[in-house]
Amino acid sequence: MTQRTVLVINSGSSSIKYQLVDPDQGTSLAVGLVERIGDTGRIEHTYNGEETELDVPIPDHGVGLRYVLDLFEEKGPNLAEANIVAVGHRIVQGGKYFDGPAVIDTAVHQKIRDLSPLAPLHNPAHLKGIEVAMELLSDVPHVAVFDTAFFQHLPAEAATYALEKSVAEKYEIRRYGAHGTSHQFVSQTVSAKLGRDDLKQIVLHLGNGASASAVVNGEAVETSMGLTPLEGLVMGGRTGDIDPAVVFHLVRQAGMTIDEIDNLFNKQSGMKGLTGRTDMREIAKLIQEGNPDARAAMDVYVHRLLKYVGSYTAIMGGLDALTFTAGIGENDAKIRTYLCDRLAFMGVKLDEEKNQTRSKEPRIISTEDSAVTVLVVPTNEELSIARQAMTVI
Ligand code: ADP
């Protein structure tokens, strides 16, 4: 079969991440990042192990993407030879409209725009990427792949906030979830690895942003992120679950504005708020040095994970597979040990040797007699986006 590729684009307000993926082989051919758009501008493009860096003024997304296409031509791989069959765009918020990937036409474009109030930082930035990419790569279909799609059919009791009904309806307030592409990819990988679809699974996506999901027979039944990615687990800079009355308290007692609280909850809190650091490697070092704040923060982090694993197990009426993914989940053996030790009452038993072994492959890290299979599965959102795009073109 001749090679086919998908260009995966994740466009932010001042950046464009891209990757050229072979969806059939599951390989990445080239990867890059355009950053500081509208400012000083910088591009990194990696192909065949060779990294090219370019510091050039990039006034807008269109100029940025043009540079990227030039880099493909100069440094490779040659896009004409790579046989691009689609461009896959990562979209954070698909609201109630999208439960799967969608070929971008005028109506889909308009829906993504209409959903901007639910993702004011993300959807408008995605649209910029879509518009310039559709102009520059006009002879292939462009597909939107939504972070929320995997959670579109959450059971109503999981998706619904106990908020006055007419307000919730008018403003489309429900639990949409996020990181869906990763949870879907990882839970499917677990099913393939264990050779079973009839599984009760929990996936813990622990990166800078962090989320948990409960998946029964391949369908998501719960997830920790809500209307926005603020709800749920303790994250690098986000609070995760917090009493909403803290907002009223800060407005009334501290005189803070809504924007200040938004910034506080989304950027200055979580592990950063508790320790001054967002990176778990640095926090682990602080713990080793005996820093009491870092130790206490780790306890909060693991306690929250434990709460979610316990509640999701109860919701599913059992647990077959518990999987760790993303930067922390894939690399931090200590956190896996902390959590699994607390789950010993459920019959969870880690094989510490397997837990300490590093690998890029999906792997089981529990003992054979563990009541729950514990796995580490590297997530690959770009490959998932590319494969989802292939299903609709
Ligand atoms: P995101 O995509 O949400 O930005 P990632 O999934 O790339 O995040 O995860 C990034 C985080 O992973 C880092 O902030 C760091 O805390 C953590 N991390 C990466 N490598 C390691 C490691 N070897 N040990 C512990 N934590 C790690």
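**Exercise 1. Find how far a polar backbone atom of G327 lies from an oxygen atom of the ligand, then look for other such backbone partners.**

Solution.
- Step 1. Start at G327: one of its polar backbone atoms is 2.9 Å from an oxygen atom of the ligand. The model is predicted.
- Step 2. Move to G209. A backbone N or O atom there lies 3.3 Å from a ligand oxygen.
- Step 3. Add I328, where a backbone N or O atom lies 3.4 Å from an oxygen atom of the ligand.
- Step 4. Turn to area. Alone, the ligand exposes 580 Å², and the protein buries 67% of that.

**Exercise 2. Describe the shell around the ligand by element and by class.**

Solution.
- Step 1. Look for elements that give two or more residues: these are α11 (280-288) and α13 (326-331).
- Step 2. Pick the top contributor. α13 gives the most, with four residues.
- Step 3. Name the nearest. Of the 13 residues around the ligand, N208, G209, M280, G327 and N331 come nearest.
- Step 4. Sort by class: three residues are nonpolar, six polar and four charged.

**Exercise 3. Decide whether P378 is buried or exposed, and place it in the chain.**

Solution.
- Step 1. Locate P378. It sits in the loop between β14 (373-376) and α16 (381-392).
- Step 2. Apply the cut-off. Buried means under 20% relative accessible area. P378 has 17%, so it is buried.
- Step 3. List its contacts beyond four places in sequence: F185, T325, E330, K360, E361 and P362.

**Exercise 4. Find the distance between the C-alpha centres of the two domains.**

Solution.
- Step 1. Take the bounds: domain 1 is 5-146 and domain 2 is 195-381.
- Step 2. Read off the separation. Their C-alpha centres lie 29 Å apart.

Definitions and conventions
Residues numbered from 1 in each chain as written. Predicted model: local features only at pLDDT ≥ 70, side-chain atom pairs only at ≥ 80, totals over all residues. Heavy atoms only, no water. Buried < 20%, exposed > 50% of the residue type's maximum accessible area, 1.4 Å probe, protein only. Contact = heavy atoms within 4.5 Å. Domains from an automatic or database assignment. Near = heavy atom within 4 Å. Polar contact = N/O pair within 3.5 Å; in protein donor to acceptor, adjacent residues only side chain to side chain. Areas by Shrake-Rupley, 256 points an atom, 1.4 Å probe, with all protein chains shown as cover. Nonpolar A, V, L, I, M, F, W, Y, C, P; charged D, E, K, R; others polar.
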